[in-house]
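Student: Could you walk me through this structure? I am new to it.
Tutor: Certainly; please look at the display first.

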Amino acid sequence: MSGPIRRSASVRRLVAIGVTLIVLLSPFLWLLQMSFKSNDLILQFPPPLIFTPTLQNYVSLWQGAFPASFVNSLMSASFSTALALILGVPAAYALSRWAGRGKHALSFAILVTRMAPPIAFTIPFFLFYRWIGLLDTVTGLVLVYTSFNLPLVIWMMQPFFETVPQSLEEAALVDGASSRIVFLEIVLPMVTPGIAATAILCFLYAWNDFFFALILTRINARTAPVAVVNFMNYEGWEWGKIAAGGSLVMAPVLIFSLAVRRYLVSGLTAGAVKG
Amino acid sequence: MTKKNSGHKSAAVSRRKLLQAGAATLGATLGATAFPMPVIAQAKPFAGVTLRGASFQHRFFTLLQNYIPEFEAQTGMKVDLQLSAFPVYNQQANLELSSGGSAFDFVNVTFILAARWVAAGLLANLDEFTGDPNLTPAEWKPKDFVEGAQVPYRDTKGATYGYSWEGGAMVMGLSRMDLMEKKGLKIPKTFAELQEVCAAINGTDGVTGLVSFQLHHWCLPPYIQGFGGNIFRNPPTDIMPALNSPEAIQAIEFYANLLKNYAPKGVLTYTEDQARQALLTGRSNIFIHSSAWITPILMSGDSKVKDTARVVRMPAGPVRDFPAANSQGLGIPKNAKNKKAAWEFIKWALSPEISMRLVKEHGHSSVCRRSVIESEEYRKLNTVNGQDLGALYLEVLGLPAKGENYMAYRTVKEFPIVGDVLNKAFEQVATRQLPAQAAMNAAQEQAIANMRRAGTAL
C-alpha cells in the first residue's frame with residue numbers, strides 16, 4: 001500500500017474513532033458539565049458552554065442523604081455479586097461436568113427467572129417481603145439481586161468450565177488431590193477471566209437496578225439510583241444534584257471495569273473464535 | 001466553704017432556672033396569644049404511639065417539620081414522616097394502598113391519584129371523624145376549606161376522604177407588560193385576545209408569545225371547556241369520553257396553534273421548571289399554570305421581570321370561563337393502624353392556627369383555609385405591585401363551588417386513562433402528524449378501548 005493511501009486510511013480511521021467517541025461520550029460529558037453548574041445556568045437558553053464551575057451540587061449531595069444511599073447501593077451490589085458467585089460458580093462447574101439426561105432441562109429451568117420481566121416478580125416480592133419484614137432492608141435487596149444474578153452466573157460460567165480439559169483434573173486426582181483441591185486450585189484459577197466478566201455483569205445489574213429498589217425500599221435501604229430520582233421534586237427538579245448524583249453513580253462501575261479490564265476483555269471474548 | 005459556695009451557687013442556679021421558667025411561661029403565653037395553639041383532644045392521649053406518614057417533598061412539609069416537635073410534646077406521640085420525590089412517593093404509596101398495606105397512618109392524597117384512591121375505597125371516610133364532636137371540636141371548621149380544593153377528595157355521595165393542604169389556582173402570568181404597553185396591547189381577557197397578544201409579541205426583543213409544558217391533560221382542559229366541550233360527557237355520572245366533540249377539536253386546534261406559532265422550540269417536552277424559567281427571565285411573555293408556578297415572577301428573588309410582570313385570571317373561552325384548580329390533600333389509609341392518632345395529626349397540621357403560622361412566619365401562601373386567605377395578614381403579605389394575589393387565588397379556587405362543577409372530570413377515577421390518550425393526541429396535532437379531527441377521533445376510540453380493558457362498563 002502506498003504512502004498517501006495508507007495516510008488516507010489512517011485519517012478515515014481517526015475520523016471514525018473521533019465520531020464514535022463523540023457519540024458515545026457526549027451524554028456523559030453533558031451530564032458531567034451540568035453537575036458543575038447552578039440550576040439557573042442549567043436552565044439557561046442557549047446553554048452556556050463556558051462558565052464558572054461550582055462544586056455546590058456535590059457539596060449538597062454530601063450533606064444530604066445521598067452518601068447513605070450510595071453505601072446502600074455499594075453494599076447491595078457487592079454482597080449480591082459475591083453471593084451469586086459463591087453459589088453460582090460451583091453450580092456451573094457441577095452442571096458442566098454432569099452428563100445426565102436432565103442437564104438441558106435443568107439449565108433451561110435455571111434460565112426461566114431471567115425470561116420474565118422484573119415487574120412480574122416485583123409485586124410478589126413486595127407482598128412477601130412485607131409479610132416477613134424484609135421491606136426497606138439491604139438484605140432484602142441482596143436476596144433479590146442474587147436470585148436474578150444466579151442464573152446469569154451459571155449460564156455464563158458453564159462454557160468457561162467446559163474449556164478446562166478434564167485430563168488436568170484427572171491427573172490431579174491421580175496425584176492424590178481431593179475434589180475440593182482440584183476445583184479450588186486447578187480449575188478455578190483457569191476460569192478467572194470468566195469470573196471477572198461475570199462479576200462485572202452481576203455488579204452492573206444490581207448497581208443499575210432502579211425498579212426493585214423503588215418498590216422494595218423506602219428510606220433506610222434507598223439506593224443511589226432512587227436517590228437521584230428523589231431530586232425530582234414537585235416544586236421543581238434539582239437538575240444540578242441530579243447531574244452530580246448521576247456522575248457519582250457512574251464512578252464505581254467505571255473504576256471497577258477499568259480495574260478488571262484485562263480479565264473482562266479476555267472473559268467476554270473467550271470462545272468467540274474457535275480453532 | 002466549698003459547701004457554702006456550692007449551696008450559694010445552687011441557689012443562684014435555682015433562681016436563674018426559676019427566672020428562665022418564668023420567662024418561658026410568659027413567652028409561651030404571649031406566643032399563644034399571637035399564634036393560639038391548635039386544639040388537641042386531650043393531654044398526651046397518644047403517648048408511646050409512633051405515627052407513620054408519607055408524602056412527596058414539598059415546602060409545606062419542610063416548614064411543618066419545624067412545628068412537629070410541638071405536636072409531639074402536646075400529644076406524646078412520635079411522628080415519623082417519610083418524604084420522597086413526587087414520582088417515587090406516588091409509585092410507593094399507590095402500591096402500598098392498593099395492596100391493602102398498613103405501613104402508613106396518614107398519607108398525602110396526590111391530586112392525580114385522588115379519584116382512583118377514593119373510588120377504590122383505599123382511604124378512610126373522614127366524615128366519621130369530623131362528625132364526632134369528641135374527635136373534632138367545632139373550632140376546627142371543616143367547611144372553612146376552600147370548596148374547589150376539596151373537590152378531588154369527595155366520592156360521588158359527597159363523603160370526604162382528604163383535606164387539602166395545598167391549592168393551585170390556574171392563573172395567567174405576563175412577564176413583559178412593558179413590551180405589551182409599547183405596542184398598545186391590553187391584558188387578554190378572551191381566547192381570541194390571547195392569540196392576538198401572542199402574535200403581536202412573539203419575536204419582539206427575542207421574546208416568545210407564550211410558554212407551556214408537557215402536561216397537556218392539565219393545561220388543555222380549560223380550553224376544551226372554554227369552547228364548550230368536556231373530557232367526559234357529563235362527569236361523574238356519565239363518563240363516556242367526549243374527546244371528539246366539535247368543541248374539543250376546536251380547542252385542541254386552538255391550543256396547538258398557540259404552541260406551534262408562539263412558543264419556544266421544543267416546548268412540547270418542556271418541564272414546569274423550564275417553562276417557569278422562560279417566564280422568570282422574560283424569554284416568554286405568557287405562562288398559564290397553577291398560581292404556585294406563576295406568582296414567583298412577582299415574589300421570587302430570581303425574577304428578572306418583577307417590575308414588568310402581572311398575574312391575572314386566565315382568559316375566558318367563547319362559551320365558558322373555566323380556569324382549572326388543583327390541590328393536594330392529607331388522608332388516612334383504610335387499613336391504617338393508628339387512625340385516631342392520624343386524625344389528630346391531620347387536624348393539627350391543617351388547623352387554622354398552623355396555616356396562619358405558615359403564612360405569617362414563612363410567607364407560605366398556598367394554604368386552603370378560606371379564613372386565612374381572607375385575613376388581613378394574608379392580604380398584606382400577598383399584595384405585590386398593587387396586585388392582590390390572595391383574592392385572585394381564592395376567586396379561582398372557589399369557582400367549582402359557584403354552580404357548575406367544572407372540575408368534576410378530575411373526580412373520575414378513569415381520568416388518568418383518558419388523560420394519557422389526550423396527551424398523545426395533542427402531541428400528534430401539535431407536531432402536525434395528524435389533523436385535529438383525525439387525532440381526536442382516534443383518541444376517542446382509544447380512550448373507550450382502554451377504559452373497557454380496565455374494566456369500565458360504558
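**Two chains and their cores**

Tutor: Chain A has 17 positive and 10 negative side chains, and the centres of the two sets are 11 Å apart. Here Lys and Arg count as positive and Asp and Glu as negative, with His and the chain ends not counted; a charge is placed at NZ of Lys, CZ of Arg, CG of Asp or CD of Glu. Please keep in mind that this is a predicted model, in which local features need pLDDT of at least 70 and side-chain atom pairs count only at pLDDT 80 or more, while totals for chains, interfaces and linings use all residues. Residues are numbered from 1 along each chain as its sequence is written, chains are lettered from A and ligands numbered from 1 in the order in which they are written, and side-chain values use heavy atoms, leaving out hydrogens and water.

Student: How far apart are the mean positions of the charges in chain B?
Tutor: They are 7 Å apart, for 48 positive and 39 negative charges.

Student: How many helices and strands does chain B have?
Tutor: Chain B has 21 helices and twelve strands. These are DSSP runs numbered from the N terminus: helices are H or I with at least four residues, strands are E with at least two.

Student: How does the radius of gyration of chain B fit the globule rule?
Tutor: The value is 25 Å, close to the 23 Å that the rule gives for 458 residues, so chain B is as compact as a globular protein of that length. The radius is taken over C-alpha atoms, and the rule is 2.2 Å times the number of residues to the power 0.38.

Student: And what about chain A?
Tutor: Chain A has a radius of gyration of 24 Å, whereas a compact globule of 275 residues would be near 19 Å. Its C-alpha atoms fill a box of roughly 75 × 70 × 30 Å along the principal axes. Chain A contains 14 helices and two strands.

Student: What share of each chain is buried?
Tutor: In chain B, 57% of the 458 residues count as buried; in chain A, 40% of the 275 residues do. Buried means under 20% relative accessible area, exposed over 50%, and partly exposed in between, with a 1.4 Å probe and protein chains only.

Student: Which residues touch the most other members of the largest nonpolar core?
Tutor: Y223(B) and F345(B) do, in a core of 153 residues. Helix α11 (residues 246–262) of chain B gives the most to this core, with ten residues. Such a core is a set of buried Ala, Val, Leu, Ile, Met, Phe, Trp, Tyr and Cys residues joined through side-chain atoms within 4.5 Å. A second, separate core of 36 residues includes L61(A), V144(A), I215(A) and V229(A).

Student: What is Y223(B) in contact with?
Tutor: Beyond neighbours within four places in sequence, its contacts (heavy atoms within 4.5 Å) include F191(B), A251(B), F254(B), L258(B) and M314(B).

Student: Where is F345(B), buried or exposed?
Tutor: F345(B) is among the buried residues of α15(B). That helix, residues 339–349, is mostly covered, with nine of its eleven residues buried.

Student: One more residue: where does L179(B) lie?
Tutor: L179(B) lies in helix α7 (residues 177–182) of chain B. This residue is buried, with a relative accessible area of 5%. Not counting residues up to four places away in sequence, L179(B) touches I201(B), T204(B), D205(B) and V207(B).
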